[in-house]
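This report describes the fold of one protein, moving from its overall form to a few details of its backbone. Please examine the sequence and the structure before reading on.

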Amino acid sequence: MLGVRLLLIGAPGAGKGTQATRIADHFHVAHISSGDLLRAHVINNTAIGRTAQDYMERGDLVPDEVVLDMLRKPVTEAVAAGGYVLDGFPRTVEQAEAAYAVAKDLGVAVQVAVHLAVDPASLLERLVARGQESGRSDDTPEIIKHRIDVYEQRTKPLLDYYAERERLITVNGERPIDEVTWSVIVQLQKAQRLLAD
Ligand code: ADP
């Protein structure tokens with residue numbers, strides 16, 4: 001299948017990164033994670049990283065223009081190579097609208113948004129465990145709670161945005177990793193008409 005352009009929507013800890021990697025491998029397209037790219041900018045102490053760092057440490061969203069600027073090149077390159085699975089972007093309706101404005105004329109707008117649905121109680125449990133293993137500085141209980149609130153307020157409205165455009169599929173993200181991946185792939189095959197756009 002050529003030209004697969006997907007994005008994943010899920011709360012912190014829903015498993016976006018894990019599933020995005022697997023789905024991108026399945027379709028032989030690039031996995032683009034806004035969070036991973038931002039963390040790399042912080043480590044490399046770039047201008048983007050210096051602006052983003054404080055927001056990330058607080059669990060707040062990095063300003064739209066910074067994220068859009070950062071993603072332009074990787075997304076353009078991925079499109080030229082056959083497609084993308086976006087993980088962590090868009091995170092607000094404003095980001096979705098801005099991305100659509102850029103992508104639609106080029107015919108590279110997203111085809112399907114995949115919602116990984118996970119119960120809030122499981123999220124906190126997963127993230128506290130991850131924080132102990134990974135040492136990610138935004139995986140402390142207070143910051144995690146704030147990131148979940150930011151998700152509820154700023155990112156969740158995206159579900160309606162894509163549902164209204166008939167581009168949303170929802171999978172149960174509580175099940176084992178393999179089953180979640182498989183269920184995304186099966187649902188995408190059922191929604192072939194979307195991938196044909
Ligand atoms: P998680 O989904 O577990 O919160 P991510 O790795 O996706 O983790 O994101 C980590 C942080 O990076 C976010 O809390 C936010 O500060 C920043 N970030 C990532 N993507 C975006 C985006 N699209 N817009 C604004 N900020 C972002």
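The sections below treat the overall form, the sheet with its helices, and some backbone details.

**Overall form**

The model is predicted. The protein contains ten helices and five strands. Along its principal axes, the C-alpha trace spans about 40 × 40 × 30 Å. A compact globule of 197 residues would have a radius of gyration near 16 Å, and the protein, with 16 Å, agrees with this value. Of the 197 residues, 46% are buried. Among the contacts with a separation of 6 or more, 73% are formed by residues 24 or more positions apart. The protein exposes a surface of about 10,100 Å², of which carbon and sulfur atoms supply 53%.

**The sheet and its helices**

Strands of a sheet pair through backbone hydrogen bonds, in either a parallel or an antiparallel manner. In this protein, five strands form an open sheet with parallel pairing, in the order β2-β3-β1-β4-β5. The edges are formed by β2 (residues 30-33) and β5 (residues 168-172), each of which pairs on one side only. On average, neighbouring strands of this sheet are turned by 20 degrees against each other, direction ignored.

One of the pairings joins β1 (residues 4-9) to β4 (residues 112-117) in the parallel sense, over four bridges. Ile9 has His115 in β4 as its bridge partner.

Helix α2 (residues 34-43) packs on the sheet, where it touches β2 and β3 (residues 83-87), and its direction makes about 65 degrees with that of β2. Helix α4 (residues 64-80) also packs on the sheet and touches β2 and β3; its direction makes about 145 degrees with that of β3.

**Backbone details in the loops**

Most residues other than glycine have a negative phi, and most peptide bonds are trans. Which peptide bond is cis in the loop between β3 and α5? The bond from Phe89 to Pro90 is cis, with omega near -10 degrees, and Pro90 lies in the loop between β3 and α5 (residues 93-103).

Two residues other than glycine with a positive phi are listed here.

| Residue | Phi | Loop | Relative accessibility |
|---|---|---|---|
| Asn45 | near 55 degrees | between α2 and α3 (47-58) | 48% |
| Glu166 | about 55 degrees | between α8 (157-164) and β5 | 55% |

Residues count as exposed over 50% relative accessible area and as partly exposed from there down to the 20% limit for buried residues. Asn45, at 48%, is therefore partly exposed, whereas Glu166, at 55%, is exposed.

Terms used: Residues are numbered from 1 along each chain as its sequence is written. This is a predicted model: local features need pLDDT of at least 70, side-chain atom pairs count only at pLDDT 80 or more; totals for chains, interfaces and linings use all residues. Side-chain values use heavy atoms; hydrogens and water are left out. Two strands pair if DSSP finds at least two bridges between them. Helices (H or I, at least four residues) and strands (E, at least two) are DSSP runs, numbered from the N terminus. Axes are lines fitted to C-alpha atoms, for helices over the stretch in contact, and angles run from 0 to 180 degrees between N-to-C directions. Contact means heavy atoms within 4.5 Å. The radius of gyration is taken over C-alpha atoms; the globule rule is 2.2 Å times the number of residues to the power 0.38. Buried means under 20% relative accessible area, exposed over 50%, partly exposed in between (1.4 Å probe, protein chains only). Accessible areas come from the Shrake-Rupley method with a 1.4 Å probe; for residues, only the protein chains shown count as cover.
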